[in-house]
Amino acid sequence: MKKYGLLVALGMSFLMHSQDSAQIQKEIDANLWKPFQAAFENLDAERLNALYADEVLRVTPGGIDTENLFKKGNEERLGRHRKTNTELQLDFWFDSRHTNIDTSYEVGFYRMTLTNSSEVQTIYGQFHIVLKKKAGTWKIVQDWDTGSIFGEELSKHDFDKKEPIQFD
């Protein structure tokens, strides 16, 4: 009988944790990911950079940035897109999310489509992002992304494995 009680308690704990994580992830979606997508698509570097913490570890195939240089890069890149009347569409989905009360580790795939009068360019990638809740607000504290896995370029085939997330 004690074993049965322990199993029920463990099961209830897991269910409550899963519900808590799901609720926290909804909060993260509304307060971080939806504005993240909107900032990119509106070419709003100031709004985008505000979603990152003051100190961020940013890792790309080009190297490690611990000085927040990527924020200036966001301003330059999105400003350049504005000047060339480039439209940007960002779609993404999550492969895994591990969340507790103040930390979330999120892995997924993205597709960024850039359209201007002379071309359409589509970029695919994978991201690993760590979020921390700081002073009641979710912020990105680590951002790693790549365009290839095991030396293979990510493509439409990789992205099309799941539907992109849709925000209400």
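These questions and answers cover the fold, the largest pocket and the salt bridges of a predicted model.

Reader: What pattern of helices and strands does the protein follow along the sequence?
Author: The protein has 4 helices and 8 strands. Read from the start of the sequence, the order is α-α-β-β-α-β-β-β-β-β-β-α.

Reader: Of the contacts between residues at least 6 apart in sequence, what percentage join residues at least 24 apart?
Author: Take the contacts in the protein between residues at least 6 apart in sequence. The share that joins residues at least 24 apart is 56%.

Reader: How much of the exposed area do carbon and sulfur atoms supply?
Author: The protein has 168 residues, and 40% of them count as buried. The exposed area is about 10,600 Å². Carbon and sulfur atoms supply 54% of that area.

Reader: Which element gives the largest share of the lining of the largest pocket?
Author: The largest pocket holds about 460 Å³ of space. Elements giving two or more residues to its lining include α1 (2–41), α3 (69–83) and β4 (103–115). The largest share is 6 residues, and the element that gives it is α3.

Reader: How many residues of that lining are nonpolar?
Author: The lining has 21 residues. Of these, 5 are charged and 3 are polar. The nonpolar ones number 13.

Reader: Which residue forms a salt bridge with Arg 58?
Author: Arg 58 is one of the residues that lie nearest the centre of the largest pocket. Arg 58 counts as buried, at 16% relative accessibility. The closest N and O atoms of its salt bridge are 2.6 Å apart, and the partner is Asp 145.

Reader: Is Asp 145 buried or exposed?
Author: Buried means under 20% relative accessible area. The value for Asp 145 is 14%, so this residue counts as buried.

Reader: How many residues apart in sequence are the parts that Lys 133 and Glu 27 tie together?
Author: The side chains of Lys 133 and Glu 27 meet in a salt bridge at 2.8 Å, N to O. Lys 133 lies in strand β5 and Glu 27 in helix α1, so the pair ties together parts whose separation in sequence is 106 residues.

Reader: Which residues are joined into one network by salt bridges that share partners?
Author: The whole structure has 8 salt bridges. In one of them, the side chains of Arg 97 and Asp 29 meet at 2.8 Å, N to O. Arg 97 lies in strand β3 and Asp 29 in helix α1, so this pair ties together parts 68 residues apart in sequence. Through shared partners, the network joins Asp 29, Arg 97 and Glu 106.

Methods
Residues are numbered from 1 along each chain as its sequence is written. This is a predicted model: local features need pLDDT of at least 70, side-chain atom pairs count only at pLDDT 80 or more; totals for chains, interfaces and linings use all residues. Side-chain values use heavy atoms; hydrogens and water are left out. Buried means under 20% relative accessible area, exposed over 50%, partly exposed in between (1.4 Å probe, protein chains only). Contact means heavy atoms within 4.5 Å. Accessible areas come from the Shrake-Rupley method with a 1.4 Å probe; for residues, only the protein chains shown count as cover. On a 1 Å grid over the protein atoms alone, a cavity is a set of points where a 1.4 Å probe fits but cannot get out, and a pocket is an open set with protein on both sides within 12 Å along at least five of seven lines; lining residues have an atom within 4 Å of a point. Grid points are joined across faces, edges and corners, and a volume is the space filled by probe spheres set on the points. Ala, Val, Leu, Ile, Met, Phe, Trp, Tyr, Cys and Pro count as nonpolar, Asp, Glu, Lys and Arg as charged, and the others, Gly among them, as polar. A salt bridge is a side-chain nitrogen of Lys or Arg within 4 Å of a carboxyl oxygen of Asp or Glu.
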